[in-house]
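Reader: Could you take me on a close look at the empty space in this model? I'd like to hear about the pockets, and then whatever goes with them.

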Amino acid sequence: MSYLELSGLQKRYRDAVAVDDVSLSVEKGEAVALLGPSGCGKTTTLRMLAGLVDPDRGAIRLDGAEVTRLPAHKRNMGYVFQSYALFPHLSVARNVGFGLEERRVAKAEIARRVVEALAMVRLSGLDQRRPRELSGGQQQRVALARSLVIRPSVLLLDESLSNLDAKLRDTMRHEIRSIQRSLGITTLFVTHDQVEALTMCDRIAVMHRGRIAQIGSPEDIYERPATRFVAEFVGRANALPATRDAEGRVVLWGERLPVAAPAGGEFDLFVRPQRIRILPISEPVADGMARVTGKVLRSVFVGDHVEVLVEGAAGQIQVELQSGTALPQEGAEVALVWRARDTLPFPRETA
Amino acid sequence: MSDARLKWLLLPAGLFVLAVYAWPTLGLFRNAFNETGPTGAMVETWSLKTTAEVLADSFTFELTLNSLWLSLSATLLALALSYPVALFLFRTNSRFRGLLAVVAIMPMLISGVVRVFGWLAILGDRGLVNSLAQSFGLITAPMKLVFNWTGVTIGLAESIMPYMILALLAGFGQLDRTLEEASRSLGATPMRTFLRVTLPLSLPALALAAGLGFVLSMSAYITPKLLGGGRVFVLATEIFEQATTNTNWPVASVLAIYTLVLLLLLLAASNLAARGLKR
Ligand SMILES: Nc1ncnc2c1ncn2[C@@H]1O[C@H](COP(=O)(O)OP(=O)(O)O)[C@@H](O)[C@H]1O
Ligand SMILES: [Mg+2]
């Protein structure tokens with residue numbers, strides 16, 4: 001049995017199902033991201049873990065013991081709130097020491113551990129400040145220190161970086177990850193930002209409408225999305241309406257592709273823009289490659305890469321090239337080529 | 001509209017205040033320097049004789065203590081009752097929140113006189129409380145709950161509660177559910193969370209409400225007069241007595257100004273205290 005087990009968690013509100021059915025196993029020391037669009041039930045899941053919301057169904061087990069109905073103050077979960085929730089009437093040091101004071105830790109020991117925790121988040125010397133005298137990034141660090149100093153069984157982070165500017169977010173991402181690694185602390189990281197999920201976690205659970213759509217390593221999720229939703233939500237992808245010919249083979253833009261079609265119904269092919277190469281139309285292709293032709297509509301330079309839009313017989317395909325490669329001429333007829341196994345067929349959504 | 005022209009919007013209210021407030025207040029100050037002649041008629045003059053007499057009178061001192069004590073106990077009682085109600089209203093997600101808030105401040109809409117008769121029906125010798133207590137055999141003779149300080153304190157507390165609830169709701173700015181959740185997730189029991197987070201963050205609101213309740217209690221006249229049954233003497237009742245029954249305008253004016261100064265001093269003190277709290 002894993003260190004942390006969520007099984008069949010459900011939470012309904014009067015007019016909505018916030019969490020429908022969430023089961024998840026987390027190993028000790030592992031960092032797992034709950035990734036999903038806003039409103040899919042991430043925060044509610046985290047709050048059930050922290051004991052701030054009672055689940056209607058399901059169970060939570062921590063280190064072998066059932067904690068489903070345990071009140072929040074007995075759970076020893078380190079919750080970092082999206083708004084940081086620092087106590088405005090207490091100094092930074094008292095904020096960080098709050099959990100230790102509640103645990104009746106000796107004064108000297110509290111002082112020592114607070115200093116240590118503040119050093120860990122690189123805030124030494126600010127201990128007598130009030131939260132409102134700190135920048136957003138510093139407040140975030142205090143919140144993190146306050147949750148870490150109690151040596152929580154699980155660290156719960158709710159969209160903790162979303163209020164920071166892009167640059168700071170990048171720094172904090174790496175800092176939190178390295179602290180998490182060095183302490184070996186089991187962590188659940190809620191985010192709607194895929195880059196955060198991909199870079200900060202050992203595994204990702206993609207959530208969709210109160211359920212977990214797929215759990216896997218960042219690579220799994222990106223390379224082998226289990227559902228159409230995951231393919232659309234994580235990374236970018238061209239969704240290309242395709243058909244079957246008489247022999248049941250996949251046809252896109254009038255060309256047969258060496259790709260297996262999903263059973264029954266209409267379907268789309270998902271191809272990531274970075275996986276497609278642009279070749280002269282005369283160039284032959286090897287086995288196991290998919291190939292269609294089209295005309296270059298335009299190229300846009302985006303800094304670290306170039307986005308090329310190609311129009312074909314039945315739609316458009318976006319291609320992402322590394323900058324520095326020769327740009328295709330606008331209006332040129334080209335061949336688009338990618339490995340057949342980079343093609344992900346999903347049934348068309350009927351919703 | 002430019003700022004210069006904007007100020008004309010204040011003109012009607014300004015004239016109104018001038019007519020019904022500033023003018024009579026000036027009259028009050030003028031009367032305070034007059035004297036009362038041997039016949040009881042007012043003698044127009046400019047002297048501090050009336051002021052000196054009123055301040056030297058030990059009855060003034062007694063009235064002051066009575067007023068302060070009554071206002072303090074009514075305010076504290078009302079605060080203890082209003083705080084939980086305001087906390088509830090502040091937090092509830094109930095659909096009926098708006099309705100509940102209206103119910104809580106409803107007493108404001110009822111005339112003070114009507115309220116007093118309500119209290120007589122509840123607290124009187126044959127009122128609700130005494131009949132219930134007697135029928136349960138808790139007491140043999142009725143308790144004296146009205147026409148004394150007890151009745152006035154209860155009635156006054158009730159009459160200022162709606163104002164205090166509104167003041168509390170307005171002052172709960174810093175209070176945030178998430179902070180209480182943070183406290184609990186850090187290991188604080190609900191009780192400890194209340195003491196360490198909720199209460200400290202409510203202090204500005206409590207100070208605001210207490211100040212308001214105190215001022216309202218100091219100036220309350222109907223409740224001490226009617227529920228006091230002639231046995232409760234405070235500054236407000238005495239001012240009324242002097243102005244109407246005795247038609248002693250100079251003494252009434254001096255007492256009124258004295259009360260005003262007292263309140264201003266208390267307000268200044270509580271302002272200082274509140275600034276200290278915020279720090
Ligand atoms: N206290 C609540 N009362 C009613 N509905 C709620 C409550 N909390 C969450 N919900 C609803 O549950 C759904 C999931 O919310 P949440 O867990 O906050 O999603 P996320 O964190 O993924 O954005 C949303 O539709 C939200 O409106
Ligand atoms: Mg959320």
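Author: Let's settle one term first: a pocket here is an open set of grid points with protein on both sides within 12 Å along at least five of seven lines, and its lining residues are those with an atom within 4 Å of a point. Keep in mind that this is a predicted model.

Start with the second largest pocket, then. Its lining has 15 residues, and the ones nearest its centre are Leu28(B), Ile239(B), Ala256(B), Thr259(B) and Leu260(B). Four helices of chain B each give two or more residues to that lining: H2 (11–32), H10, H12 (235–244) and H13. The space inside comes to about 410 Å³. As for character, the lining splits into twelve nonpolar and three polar residues, with no charged ones.

Now slide over to the largest pocket, with a volume of about 550 Å³. Here 20 residues form the lining, and Ala207(B), Leu208(B), Gly211(B), Ser270(B) and Asn271(B) sit nearest the centre. In chain B, H4 (58–91), H10 (190–219) and H13 (249–278) each supply at least two of the lining residues. H13(B) has the largest share, ten residues. So what is the mix of classes in this lining? It has 14 nonpolar, four polar and two charged residues.

For closed space, turn to chain A. The structure holds one cavity of 30 Å³ or more, and the space in the largest cavity is about 40 Å³. Its lining is made of Ile176(A), Arg177(A), Gln180(A), Thr187(A), Phe189(A), Met200(A) and Cys201(A). Two elements of chain A give two or more residues each, helix H5 (166–183) and strand S8 (187–191). H5(A) gives the most, three residues. By class, that lining has four nonpolar, two polar and one charged.

And the filled parts? In soluble globular proteins, nonpolar side chains tend to be buried together. The largest nonpolar core in this model has 104 residues, and those touching the most other members include Leu4(A), Leu24(A), Leu156(A) and Leu188(A). Helix H8 (149–171) of chain B brings the largest share of this core, seven residues. Take Leu156(A) as a closer example: beyond its neighbours within four places in sequence, its contacts are Leu46(A), Leu49(A), Ala50(A), Met77(A), Gly78(A), Tyr79(A), Val80(A) and Leu188(A). There is also a second, separate core of 25 residues, with Val250(A), Leu252(A), Val319(A) and Val334(A) among them.

Terms used: Residues numbered from 1 in each chain as written. Chains lettered and ligands numbered in written order. Predicted model: local features only at pLDDT ≥ 70, side-chain atom pairs only at ≥ 80, totals over all residues. Heavy atoms only, no water. 1 Å grid on protein atoms, 1.4 Å probe; cavity = no way out; pocket = protein on both sides within 12 Å on 5 of 7 lines; lining within 4 Å. Points joined across faces, edges and corners; volume = space filled by probe spheres on them. Nonpolar A, V, L, I, M, F, W, Y, C, P; charged D, E, K, R; others polar. Core = buried A, V, L, I, M, F, W, Y, C linked by side-chain atoms within 4.5 Å. Buried < 20%, exposed > 50% of the residue type's maximum accessible area, 1.4 Å probe, protein only. Contact = heavy atoms within 4.5 Å.
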